[in-house]
Amino acid sequence: MAMTREQVLEQVKTVMVDALGVDDDEVTPEATLMGDLGAESIDFLDIVFRLEKAFGIKIAREELFPAETLMNNPEFVSNGKLTAKGVAELKAKMPHTDVSEFAKNPELSKLPDLFTVGMIVNYVESKLKAA
Amino acid sequence: MRWIWIDKFVEFNSGQNAVAIKNVTLAEEHLHDHFPGFPIMPECLMIEAMAQTAGILVGEAKKFQEKVILAKIKKAVFHDYVRPGDTLRLSAKIESIAPEAASTTGTITCGDKLIADIDLMFSHIDQNLAGKEFPKENFVFTDMFKSLLQGAVFQKADK
């Protein structure tokens, strides 16, 4: 039987609590991984591995966390902001995330805020549907 | 010189799991200070011993082509003291391995006694997404480190 969004969120919560050593009640859908939950780069890989195990899915790291490759490409970044091309690329790479608010002022420093618990739930749901 | 915290491998299943042995002895000088009159193996060194066991397992899985660096201690729980004369059995298992990193689980036992649970993450640092470059030479897997595998019983993985 397909999992409900609540069930997916519960599982994702467990993954975050185990991977980041945070409290259960800190892991809200709005919580940002880096800002609110203190994730560092190696934690993203840890999260990917744990999600794969918890949901029995295969995740290409690029797919869930494409920001790093984007940020290192001069075509997509200029003066600390994403270029129009960069924003388009971000949209294409993160269909599971609403980037419209970010796109209004696409400062790189705000990019980490796109990575929230809710975004991971969206991603997992889309992945489970496709399976 | 490297500080090596395992003595030999007794099991090695490429890409899957490995078991190493560490004999603890009062000839290790630090035990005289940790603690005077009550020598016990420091827990941080048990983590290092597991990092060496699991790190070699992860390195061998990619034929020692990657530079494997301990990146995260996911879990380290200690259940009992380790004293001079104890023989530790360090069992490590690869849970996940990807181009950029690997995650392992492991236990340390002494006879029937569970000493520690230690879960780790390793980074293949040449594959880092920030594009940072490191020296060409593999400074992790030097001959001395790899020599630990001499005499280990190798078994080919099923798949």
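**The A–B contact and the strands of chain B**

In this predicted model, nine residues of chain A meet 14 residues of chain B at the contact. On the chain A side, two elements each put in two or more residues, namely α2 (41-55) and α4 (67-71). Helix α2(A) has the largest share of that side, with five residues. By residue type, the chain A side that touches chain B splits into four charged, three nonpolar and two polar residues. As for the predictor's own scores, the complex gets an ipTM of 0.83, along with a pTM of 0.88.

Chain A itself is assigned two domains. Domain 1 is made of two stretches, 1-60 and 115-131, while domain 2 covers 66-112. Between the C-alpha centres of domain 1 and domain 2 of chain A there are 21 Å.

Over in chain B, the mean pLDDT comes out at 91, and 92% of the residues are at 70 or more. Strand β4 (residues 87-97) of chain B pairs with β2(B) and also with β5(B). With β2 (residues 17-23), the pairing is antiparallel and runs through seven bridges; here Lys22(B) has Leu88(B) of β4(B) as its bridge partner. With β5 (residues 101-110), β4(B) is again antiparallel, this time through eight bridges. One of the facing pairs puts Arg89(B) opposite Thr109(B) of β5(B). Getting from β4(B) to β5(B) takes just a hairpin, with three residues as the link.

Conventions. Residues are numbered from 1 along each chain as its sequence is written. Chains are lettered from A and ligands numbered from 1 in the order in which they are written. This is a predicted model: local features need pLDDT of at least 70, side-chain atom pairs count only at pLDDT 80 or more; totals for chains, interfaces and linings use all residues. Two residues are in contact if their C-beta atoms, placed from the backbone, lie within 7 Å. Helices (H or I, at least four residues) and strands (E, at least two) are DSSP runs, numbered from the N terminus. Ala, Val, Leu, Ile, Met, Phe, Trp, Tyr, Cys and Pro count as nonpolar, Asp, Glu, Lys and Arg as charged, and the others, Gly among them, as polar. Domain bounds come from an automatic or database domain assignment. pLDDT is the predictor's confidence in each residue, from 0 to 100. Two strands pair if DSSP finds at least two bridges between them.
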